[in-house]
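Reader: I am in my first year and would like a close look at one part of this model, the largest pocket. Please also place it in the chain as a whole.

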Amino acid sequence: MAHKSFKIILSIEICVVSLMNQENIIKVFVYGTLKPRGKYYKIFCEGKTIEEQECWTKGSLFALPVGYPAMIEGNDQVYGYVLSFASFKDLENLDKLEGYSGIPNSPLNEYDRAKIIVYNQANQAIDEVWSYFMTEEKVKTLNGVYLPSGMWHQE
């Protein structure tokens, strides 16, 4: 009898720990150099992600002559991946790479970070995750080229 109650308690504890861990998972939508096989994927993501899922979100995508893309608010489909990380430190490292100071809408930011909805290939909303946006003014200043396909490929 003691073994049965021990198993039940252990099962409940494992479930609680599992739920707590899921709440601490950091999810980020990436559409450029952080995608698998992208320029910065190996440095910032490889071996650190616990899940990677292809998906899309709403926005408008631009190729920048500096060698990476920028997404602004819009209604096009922008294709990429949701990368899931177990550590907040990974998000802080991405913030540094993306030039995000931690202060929304700061003129010091290259990109701002905001929560967005992502969709699967069946066009069903699947999650709310972080992503990085550039302002339309900054995209114009950097001579961004609109990508109506919503896909950016590294050259």
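Author: The answer starts with the chain, goes on to the pocket, and ends with a few single residues.

This is a predicted model, in which local features need pLDDT of at least 70 and side-chain atom pairs count only at pLDDT 80 or more, while totals for chains, interfaces and linings use all residues. Residues are numbered from 1 along each chain as its sequence is written, and side-chain values use heavy atoms, with hydrogens and water left out.

The protein chain has 4 helices and 6 strands. These are DSSP runs numbered from the N terminus, with at least four residues (H or I) for a helix and at least two (E) for a strand. Their order along the sequence is α-β-α-β-β-α-β-β-α-β. Of the 155 residues in the protein chain, 38% are buried; buried means under 20% relative accessible area, exposed means over 50%, and partly exposed lies in between, with a 1.4 Å probe and protein chains only.

Now the pocket. A pocket is an open set of points on a 1 Å grid over the protein atoms alone, where a 1.4 Å probe fits and protein lies on both sides within 12 Å along at least five of seven lines. The largest pocket holds about 410 Å³ of space, a volume filled by probe spheres set on the points. It is lined by 24 residues, and the closest to its centre are Thr33, Gly67, Tyr68, Pro69 and Trp152; a lining residue has an atom within 4 Å of a point. Strand S1 (26-30) and helix H3 are the elements that give two or more residues to this lining.

Helix H3 covers residues 88-98 and includes Asp90. Asp90 is buried but has no salt bridge, and Lys48, the nearest side chain of opposite charge, is 4.9 Å away. A salt bridge needs a side-chain nitrogen of Lys or Arg within 4 Å of a carboxyl oxygen of Asp or Glu. Apart from neighbours within four places in sequence, Asp90 is in contact with Lys48 and Phe85, where contact means heavy atoms within 4.5 Å.

Two loop residues remain. Most residues other than glycine have a negative phi. Asn123, in the loop between strand S4 (112-119) and strand S5 (125-133), has a positive phi of about 65° and is partly exposed at 49% relative accessibility. Asn143, in the loop between helix H4 (136-141) and strand S6 (145-146), has a positive phi of about 60° and is exposed, with a relative accessible area of 53%.

How values were computed:
Lys and Arg count as positive and Asp and Glu as negative; His and the chain ends are not counted.
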